[in-house]
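Q: Please take a close look at one part of this structure, the open sheet and what packs on it. Then place the annotated residues and the other strands around that picture.

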Amino acid sequence: MRMSVIGCGYLGAVHAAAMASLGHDVIGIDVDRERVETLSAGVAPFYEPQLTELLRAGLEAGRLRFSTSMTDSADAAVHFLAVGTPQAPNADAADLRYVDAAVDALLPHLRPGSVLAGKSTVPVGTAARVAERVSGTGATVVWNPEFLREGWAVHDTITPDRIVVGAADDPAGRRAVDLLRDVYRASTEAGTPFLVTDLATAELVKGAANAFLATKISFINAMAEIAEASGADVTLLADALGHDTRIGRRYLGSGIGFGGGCLPKDIRAFAARAEELGRGSAVGFLREVDAINLRRRDRAVQLVVDALDGQVVGRRIAVLGAAFKPFSDDIRDSPALDVAVRLRGLGADVVVTDPAALDNAATAHPQLNYRVERDEALRDADAVVVVTEWDEYRREMSPQHAAELVTGRIIVDGRNCLDAAAWRDAGWTYYGMGRR
Ligand code: UGA
């Protein structure tokens, strides 16, 4: 099927390459010329496992192209809208300017029978507004939210947990749903559930899913606060809770909390939209989820300060990690970098390392020191803070070897990802989050 993907960021670039790998004929459109050139050369513009291979395969097979011109999308049967919906400046609501601009640019190219499938995360009611905007063209709007995780984006796009398509319950809506069934036939034949809803429910599924995940993380981090006050260990608590299959262990990872380009801004936008709908109190807890999350960053900084007996100025602190999570170079709202920046703000000599996100971090925060090699970051450190649970730190860093490099054997495990006993045995003073 001929299709366009409008917006080639984390979501759209992966979607375009994944659709080509399923045999479709795909054109990716982006306003950023440099990004289009990079993608056209078969280079992923950000770190995402398997994306380069998928891009190259699609380009070589002639099923994948990229362009800055919306005109090149004119013969597509389906246009996937995958532009960003960041947090609005000085507000909690989503900024929909990119959605509106993309729809306006696409309008002259929509034909009767073509489908505009929204993938961007939007406040409920946006799809109906977009449908109204395109109503004169004869095209049909459906909403098809994306649930991919960065770092697993290719896997999640090709083998998703579920496919959700929201559409109007009328002949045009049903035809559009059937078209989407054809798009995803390879996935549904492999057993992926295909759920059809109305437009509003499809938009809500995405917001609700991210709200639930954020709540689950903040729940365990709230338990970490209680554990700190009572002498319990939140990681053992999470293990014990997780054996209850109704609860499950996933997303009970305690530490410095969630960040990235999705969960933080999505819960704020969700709460802001609920307030607009007069139901703010129904999701008032999301404000607390946000507050708990941000408090964990304070706690990590405080642990370092306490470990150094309050003497932070001029002390060398190795910060291991900058990305908001492993297998990503994304530093948007990264808790890891936030901790590093705050320690620098307290006067520490902060040295940051990360296997993928160093360039992005250095551009955003030139006031920090950076080292490519982990051992160089560790050298002469008075304290070490692990803030992104890369395998390079979690599995591959030997406490004995690290002990030879540092000045002070203090380690703060901001992701509760290290073997505390092994570090203590090697002579380190180990501090976890919500652990004794
Ligand atoms: C999230 C959702 O998981 C995806 O389903 C969704 O499609 C995506 O947002 C989106 O809206 O586009 P992502 O932001 O890539 O995906 O990352 P997650 O793996 O969900 O992690 C988010 C943050 O939570 C990270 O900072 C991570 O370190 C943190 N986290 C995750 C924890 O602190 N504890 C956990 O147990 C799990």
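A: The answer below starts with the open sheet, then turns to the N-terminal strands and ends with the annotated positions.

This is a predicted model. Its open sheet is built from 6 strands in the order β11-β10-β9-β12-β13-β14, and the pairing is parallel. The edges are formed by β11, residues 369–370, and β14, residues 429–431, each of which pairs on one side only. At the β11 edge, the neighbour is β10, residues 349–353, and these two strands pair in the parallel sense over 2 bridges. Within that pairing, valine 351 stands opposite asparagine 369 in β11.

Two helices that pack on this sheet can be described by the strands they touch. Helix α12, residues 285–307, touches β9 (316–320), β12 (383–386), β13 (410–413) and β14. The direction of α12 makes about 165 degrees with that of β13. Helix α13, residues 335–345, packs on the sheet as well, touching β9, β10 and β12. Here the reference strand is β10, and the angle between the direction of α13 and that of β10 is about 160 degrees. Both α12 and α13 therefore have β9 and β12 among their contacts, contact being heavy atoms within 4.5 Å.

Another set of parallel strands lies in the N-terminal part of the sequence. Strand β1, residues 2–6, pairs with β2 in the parallel sense over 5 bridges, and arginine 2 has aspartate 25 in β2 as its bridge partner. Helix α1, residues 10–21, belongs with β1 and β2 to a right-handed β-α-β unit. Strand β2, residues 25–29, also runs parallel to β3, residues 64–67, and 4 bridges join the two. One of the pairs there is glycine 28 with phenylalanine 66 in β3. Strand β2 is mostly covered, with 4 of its 5 residues buried.

Helix α2, residues 33–40, has a described feature at its start and another after its end. At the start, a side-chain oxygen of aspartate 32 comes to within 3.1 Å of the backbone nitrogen of glutamate 34. After α2 comes glycine 42, with a positive phi near 75 degrees.

The UniProt annotation "binding site", from an unreviewed entry, includes Lys206 and Tyr251, along with Phe147, Arg149 and Lys325 among others. The annotated positions span 179 residues of sequence and are also spread in space, up to 24.6 Å between C-alpha atoms.

Lysine 206 sits in helix α9, residues 199–230. Its relative accessibility is 11%, so lysine 206 counts as buried, the limit being under 20%. Leaving aside residues up to four places away in sequence, lysine 206 touches Thr121, Pro145, Glu146 and Phe147. With threonine 121 there is a polar contact between the two side chains, at 2.9 Å. Phe147, one of the residues touched by lysine 206, is itself covered by the annotation.

Tyrosine 251 is placed in the loop between α10 (234–242) and α11 (263–276). Tyrosine 251 counts as partly exposed because its relative accessibility is 32%. On the same basis of excluding residues up to four places away in sequence, tyrosine 251 touches Arg149, Leu213, Lys216 and Ile217. Of these, Arg149 is among the annotated positions.

Helix α9 also holds alanine 208, which is partly exposed with a relative accessible area of 37%. Alanine 208 and isoleucine 267 are 59 residues apart in sequence and 8.6 Å apart in space, C-alpha to C-alpha.

Methods. Residues numbered from 1 in each chain as written. Predicted model: local features only at pLDDT ≥ 70, side-chain atom pairs only at ≥ 80, totals over all residues. Heavy atoms only, no water. Pairing = 2+ DSSP bridges. Axes fitted to C-alpha atoms, helices over the stretch in contact; angles between N-to-C directions. Buried < 20%, exposed > 50% of the residue type's maximum accessible area, 1.4 Å probe, protein only. Right-handed = clockwise from strand over helix to strand, strands pointing away. UniProt positions renumbered as here; feature names shortened; annotations may be inferred. Polar contact = N/O pair within 3.5 Å; in protein donor to acceptor, adjacent residues only side chain to side chain.
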